[in-house]
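Here are a few short exercises on how helices pack. Grab your viewer and work through them one step at a time.

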Amino acid sequence: MATVPSLDGRRVGPEGSTPYVDSAPVKQVAGAQLQDMGRAVTSAGQDASAIFIDHLREINALRVDEATIKAKEIQDHLTFDPTNGYSTLKGKDALERPDGKSLVEEYGSAYDKELQSIADGLGNDAQRRAFQRTAAALGAGFRGNLERHALNETNEYGKSVLVGKIGVLQRDMALAYSDPARTERSAATISKR
């Protein structure tokens, strides 16, 4: 007579004297699928985050590059503009500014204001920090060029004053030709120069 199989955990077998046989373990398919889906979502989130961060870095770099170009254009304008550029100021005009400031102070502060205006127009703090590093280097170079120009113009102005002084002494010698002591003093002064 046939017997009805009984279940005992994972073993299935007929009742009676026949030994039980282990069955294949039942997989937790739903749990494994959920774990796989969780890993996939996490990976997709990490990839999306990396893409977003890369995109943000590219945008920041573009904005800083644009700001740097503007800063260089302003520097060129302050340097070479035919009416207001410092390179057009020669001699005494470069040394005696209408506002009483030195050439370096006047043009340096004007450039600093422009750089600050550019920085204020940037979109976020990361862009401003990156631009500030670039702006510091640009500002130092600009001030160095200003100081070089001021020094060159001081030398040129000094030469023109000296030429004028020598001309006055030569005229004095010509007018005082009958006074040998005066002529000798003028000649000695000229030879010292």
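Before starting, one cut-off: an angle over 145 degrees between two helices counts as roughly antiparallel. Keep in mind that this is a predicted model.

**Exercise 1.** Work out how α4 and α5 run relative to each other.

Solution. Start with the geometry: the axes of α4 and α5 (residues 180-192) cross at roughly 160 degrees and come within 9 Å. That angle is over the cut-off, so α4 and α5 are roughly antiparallel to each other. As for handedness, the crossing is left-handed. Next, look at who touches whom: I166, L169, Q170, D172 and M173 of α4 meet α5 residues R182, T183, S186, A187, T189 and I190. Sorted by type, this contact has 5 nonpolar, 4 polar and 2 charged residues.

**Exercise 2.** Do the same job for α3 and α4.

Solution. Here α3 (residues 103-120) packs against α4 at about 165 degrees, and their axes are 10 Å apart. That makes α3 roughly antiparallel to α4. This crossing is right-handed. Among the α3 residues in the contact are L103, Y107, Y111 and L115, while the α4 side includes F131, L138, F142 and L146. The tally for this contact is 13 nonpolar, 6 polar and 5 charged.

**Exercise 3.** Check the span of α4 and find what caps its N-terminal end.

Solution. α4 covers residues 125-175, which is 51 residues. From first C-alpha to last, α4 reaches 72 Å, close to the 75 Å expected at 1.5 Å a residue. The cap is N124: one of its side-chain oxygens sits 3.1 Å from the backbone nitrogen of A126.

Terms used
Residues numbered from 1 in each chain as written. Predicted model: local features only at pLDDT ≥ 70, side-chain atom pairs only at ≥ 80, totals over all residues. Heavy atoms only, no water. Helix = DSSP H or I, 4+ residues; strand = E, 2+ residues; numbered from the N terminus. Expected span 1.5 Å × (residues − 1). Polar contact = N/O pair within 3.5 Å; in protein donor to acceptor, adjacent residues only side chain to side chain. Axes fitted to C-alpha atoms, helices over the stretch in contact; angles between N-to-C directions. Parallel < 35°, antiparallel > 145°, perpendicular 65-115°, else oblique. Left-handed = near helix turned anticlockwise from the far one by under 90°. Contact = heavy atoms within 4.5 Å. Nonpolar A, V, L, I, M, F, W, Y, C, P; charged D, E, K, R; others polar.
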